[in-house]
Amino acid sequence: MRYVSTRASSPPLGLSEAIQTGLAPDGGLYVPERFPTFEVEDFEGLESLADIAEKFLAPFFEGDELSVQLSDICREAFDFPVPLVELDETTALLELFHGPTAAFKDVGARFLAACVSRLPGRRTVLVATSGDTGGAVAAAFAVRANAEVVILFPKGLVSPRQEKQLTCWGAGVRAFAVRGDFDDCQRIVKAAFADRQLNRAHGLLSANSINFGRLLPQAAYHAAASLWYLRRRGARAGLVVPTGNLGNAVAAFWARAAGLPVREIALATNANRAVPDYFDSGAWAARPTVRTLANAMDVGNPSNVERLLQLHPDFEELKTFARAFTVSDEEIKRTIEAEATTRGRVFDPHTAAAARVRARLASPHWVVVATAHPAKFESIVEPLVGREVETPPALAELLDKESVCEEIEPSLEALAKALS
Ligand SMILES: *Cc1c(COP(=O)(O)O)cnc(C)c1O
């Protein structure tokens, strides 16, 4: 399999090379040149996420030096539970938050680290975070000898627990609080990758969803969820995906494009409504970022929209199986309260946005993608549900560590100076 740029004017690369390149030289994002055409029967006898992922990902690794290690990579990356939990007769919840930092970003970050640690050379992993990515990337790479991590996060715009997860790692992980918003962080990271000198001096590796090495394992869990749902209920499920930078959403579209039984896709955004506006108008326009309770989805200019439009350039065709909805903070709050009262389930604000969208959909058979553990957003969730949310042990351990971070202006110069 080869990987091509969404802007089509960079030479195609193999998997390992594309993972290490991050942003394509023409400024585009790498995408698979074509998609495999799986049938449901191809997965017969495979039940665990690691087994399904290995089968699903094999064509994407074909011809690459890492293909012989795919089985080990899958077992190493998918070593925490990813249960599909029953919510009601026609809805299931895909819990992606049982990893070390309690958000779905652990899956992609651990898979990327498992791939990169098997390739030669030392690297500086550079990542912009709206809250959850940075912690997951730090946790995944901190244990690797051949990588240092540099995290940019918007100062004051991440939750206290998220900030702790960015700043608690000590040597080997440097966290920068940027005086700006997530879009500023993302812009600086993109500029750093476009700067050849800086890139060469530090051996930069992207761990944002710019890097499709994060999206492939996400496509694999969407694939697994669709198969598990079909086996249990005899129906093809739609996926409701809480959406910010559109990485997880694009991974869902990729699973569908590869022939997995994903009936349709509903995207749930918070008040950052660039994506729902696109589905209304057919014209793409980035928007300034607004702050919401679901802060990991506070993205006004999602970079993965390029991948979505490349895969589905025909707007009318896209709308036959995909929709997008905006969910207000008020609705997020009411959903968290109502779910706790009626079903005794505590949702984090991002999952609550998806649950709200599910409630608006009349058709049966949906998988709601649960992207974070509520304990990560306890300052929002606990007052709404009126009780303490238990902290998972791995998260509790991180919260006990000391924090260190540096503050910088929102510019490439400021980052380059701090790194030199
Ligand atoms: C990052 C994140 C999202 C948004 O995912 P994208 O791939 O950026 O669209 C949703 N929920 C949580 C908890 C996140 O951390």
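Which helices each supply at least two residues of the lining of the largest cavity? In this predicted model, they are α9 (212-233) and α10 (247-257). The largest cavity is also where the ligand sits, and a search of the whole structure finds 2 cavities of 30 Å³ or more.

**The largest cavity**
- The space in the largest cavity comes to about 260 Å³, and among the 23 residues that line this cavity, Phe-104, Lys-105, Gly-244, Asn-245 and Ala-296 are the closest to its centre.
- By class, the lining of the largest cavity consists of 7 nonpolar, 13 polar and 3 charged residues.

**The ligand and its surroundings**
- Around the ligand there are 15 residues, of which Lys-105, Asp-132, Gly-244, Asn-248 and Thr-371 come nearest, and this shell divides into 6 nonpolar, 7 polar and 2 charged residues.
- Polar backbone atoms approach oxygen atoms of the ligand at several places: one of Gly-244 at 2.7 Å, one of Gly-247 at 3.1 Å, and a backbone N or O atom of Asn-248 at 2.8 Å.
- On its own the ligand has 380 Å² of accessible area, and the protein covers 98% of that area.

**The second largest cavity**
- The second largest cavity, with a volume of about 50 Å³, is lined by Thr-243, Gly-244, Thr-269, Asn-272, Ala-274, Val-275, Met-297, Val-299 and Pro-302.
- The lining of the second largest cavity has 5 nonpolar and 4 polar residues, with no charged residues.
- Gly-244 belongs to this lining, and Gly-244 is also one of the residues closest to the centre of the largest cavity.

Technical notes:
Residues numbered from 1 in each chain as written. Predicted model: local features only at pLDDT ≥ 70, side-chain atom pairs only at ≥ 80, totals over all residues. Heavy atoms only, no water. Near = heavy atom within 4 Å. Polar contact = N/O pair within 3.5 Å; in protein donor to acceptor, adjacent residues only side chain to side chain. Areas by Shrake-Rupley, 256 points an atom, 1.4 Å probe, with all protein chains shown as cover. 1 Å grid on protein atoms, 1.4 Å probe; cavity = no way out; pocket = protein on both sides within 12 Å on 5 of 7 lines; lining within 4 Å. Sits in = over half its atoms within 2 Å of the grid points. Nonpolar A, V, L, I, M, F, W, Y, C, P; charged D, E, K, R; others polar. Points joined across faces, edges and corners; volume = space filled by probe spheres on them. Helix = DSSP H or I, 4+ residues; strand = E, 2+ residues; numbered from the N terminus.
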